[in-house]
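Student: I would like to learn how to read packing, pairing and backbone features from a set of coordinates. Could you take me through some of them in turn?

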Amino acid sequence: MTLRSFRMLTFAVLAFAAVCPPLVSPMYAETPPDRIFHHGRIVTVDRQFRVVEALAVSGDRIVAVGSNEELLATAGEHTKKVDLHGRMVLPGFIDSHSHPPPASVFEFDHEIPTMDSIDDVLAYIAARAQVVPPGKWIVVQQVFVTRLKERRFPTREELDRAAPQHPVMFRTGPDAALNSLALTACGIDRDFQITDGGPGFIERDPSTGEPTGILRSCTRLVKVSTADRVPSADERREALRKLLRAYNEVGITGVTDRGTTDASLELYGRLLERGELTCRMFLTYSVDAQQPMEKIEAAIARATEHSLHQYNPWAWLRGLKIYLDGGMLTGTAYMLRPWGVSAIYGITDPEYRGIIFLDRDKLYQIAKAALSHNLQLTAHAVGDGAVLALAEAYARVDREFPVRPHRPCISHANFMSPEAIALMAQYGIVADLQPAWLYLDGATLQLHFGEERLRYFQPYATLFAKGVTVGGGSDHMQKLGRTRSINTYDPWLGIWTVLTRLPRWTDSPIHPEERISREQAIRLYTINNAFLTFQEDKKGSLEAGKYADFIIIDRDVLQCPIDDIRDTQVLETWVGGKRVYP
């Protein structure tokens, strides 16, 4: 063999080793595994997306993947052999955006029905008026107008009729509709002006100047005191434990909490101490970006000094969260072009572009402060104007130190632009997106914006093609239940949505050229989300040495009809080598 041939062979071997990690962990090569799952279709989600027959586990780690013959030969006297009977195994799913503590206790006081219409909303309010003492608040939370059949807020007068003796607030994020008693309780009349320096405005009747009852991006003005029961610390812990088990039922083994507070840090700490976490939690500390920089810097210090900032595979405080703009569900996302006059969103100004909460300099300062303290910053940024502003802020920080290793993030990023995507690719900016929003809200968006304005709405195919890493999430806020939760935490609906891009109530997909493959859709909820949380070497795929987080499902999602995917049932969920469901 010539020297040149030897060098070429050596290069080929090294290259193969780089892309094909070992099938057996060296740590356990001579020790019989605890369990061998065999005769299945095990989707590894490694770089080659290999599908193998068997998986071996020892302790909390995967020790080998490969053929039935290879792995069964390693069994020892005490090895448990699990025949999969041809069933499919996938890495445990990871939800890139959720709010577990508040979601888990949302129905603590009473069950809240699904509301799909104004009549549903008013019926619920009227029913509550029968049990809530007169004069006490009735609050409806996060029933988005874009998801009601009428696509509008209930009016002040409708709310008055439903509960004439109660102040009522119908709230969707930073926006709300109030009845007359609620407006009076808050001191909001025709002469009221917002003077606290915060964002938002109060809608008024153009002929009388009286408030219509609709508040845009200023629900902070409403001081609510309800008669609802409040859970104790132990009840909150039990509710959160129950919710994490519900996540396990649909195949979720890891979750990013995108709104962690001091109280929820204490809650996660208690579950961690008791060994009751059944999902691995990546925690993003929530900060009010409207505060002066010295208070924001103090919050950053609290996060970095917290004990959970030290890596723990079950609960890791590693991120910082701020809000940059409003929402697409409320007509307040900050857009590059005007929203346009809209009856759905109550927009009358043809030049209105939405609301942005921070100027460019302060956004840059917050980004620099967070990233320089080893906290991954993310911001709620929905409109293409906000997404571009955030990407530009990260690019500006990169002039002082490289931001790519810090994986700066954008949360939601529903409306994108070629300019923003180019910056994301250039600087290693990642994003967490919510596919189910396309399904739930796409029809309303099509009606308002039309096809052209939706060209870069959740553009998954373009993002994959440009090498931008994004992950799938839910933004779960309320209720337990695969179909009744808001926003639904069902990852199978999310996967079906990115494969079809078909909104409900319509047979017209939104830019089908942005559909992705089944392989890419699975990566969206596994290895991509592991990368978003700096843990791609520990989870997100079924490879030797990684945590044994996996699910066994009832169908072959690589070959079954696409419409069957959304009904996939999880038979078993394993986290760290232990079965957590059923």
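Tutor: We will go through helix packing, a sheet, a pocket and some backbone details, bearing in mind throughout that this is a predicted model.

Student: How are α13 and α15 arranged, and at what angle do these helices pack?

Tutor: Two packed helices are described by the angle between their axes and by the distance separating those axes. Here helix α13, residues 435-453, packs against helix α15, residues 491-500, at an angle of about 75 degrees, and the axes are 7 Å apart. Because angles of 65 to 115 degrees count as roughly perpendicular, α13 is roughly perpendicular to α15.

Student: Which residues in α13 and α15 meet?

Tutor: From α13 come Pro435, Ala436, Leu438 and Tyr439, and they meet Leu493, Gly494, Trp496, Thr497 and Val498 in α15. Sorted by class, this contact of α13 with α15 has seven nonpolar and two polar residues, with no charged ones.

Student: What is the strand order in the open sheet of five strands?

Tutor: Strands of a sheet pair through backbone hydrogen bonds, in either a parallel or an antiparallel manner. In this open sheet the order is β9-β10-β11-β13-β12, and the pairing is mixed. The edge strands, β9 (138-141) and β12 (201-204), each pair on one side only, and from one strand to the next the twist averages 20 degrees. Within the sheet, β10 (residues 168-172) and β11 (residues 175-178) run antiparallel and are joined by four bridges; in one case, Arg171 has Ala176 in β11 as its bridge partner. Helix α4, residues 118-129, lies across β9 and β10 and runs at about 150 degrees to β9.

Student: What is the volume of the second largest pocket, and which residues lie nearest its centre?

Tutor: Rolling a probe the size of a water molecule over the atoms shows where empty space is left. The second largest pocket has a volume of about 500 Å³, and its lining consists of 23 residues, with Leu440, Thr483, Ser485, Thr488 and Arg504 nearest the centre. By class, that lining divides into nine charged, eight nonpolar and six polar residues.

Student: Where do cis peptide bonds occur, and what is the phi of Arg501?

Tutor: One cis bond joins Ile486 and Asn487, with omega about -10 degrees, and Asn487 is found in the loop between β20 (470-472) and α15. Another joins Tyr581 and Pro582, with omega about -5 degrees, where Pro582 belongs to the segment after β23 (578-581). Arg501, although not a glycine, has a positive phi of about 55 degrees, and its place is in the loop between α15 and α16 (518-524).

Definitions and conventions. Residues numbered from 1 in each chain as written. Predicted model: local features only at pLDDT ≥ 70, side-chain atom pairs only at ≥ 80, totals over all residues. Heavy atoms only, no water. Axes fitted to C-alpha atoms, helices over the stretch in contact; angles between N-to-C directions. Helix = DSSP H or I, 4+ residues; strand = E, 2+ residues; numbered from the N terminus. Parallel < 35°, antiparallel > 145°, perpendicular 65-115°, else oblique. Contact = heavy atoms within 4.5 Å. Nonpolar A, V, L, I, M, F, W, Y, C, P; charged D, E, K, R; others polar. 1 Å grid on protein atoms, 1.4 Å probe; cavity = no way out; pocket = protein on both sides within 12 Å on 5 of 7 lines; lining within 4 Å. Points joined across faces, edges and corners; volume = space filled by probe spheres on them. Pairing = 2+ DSSP bridges.
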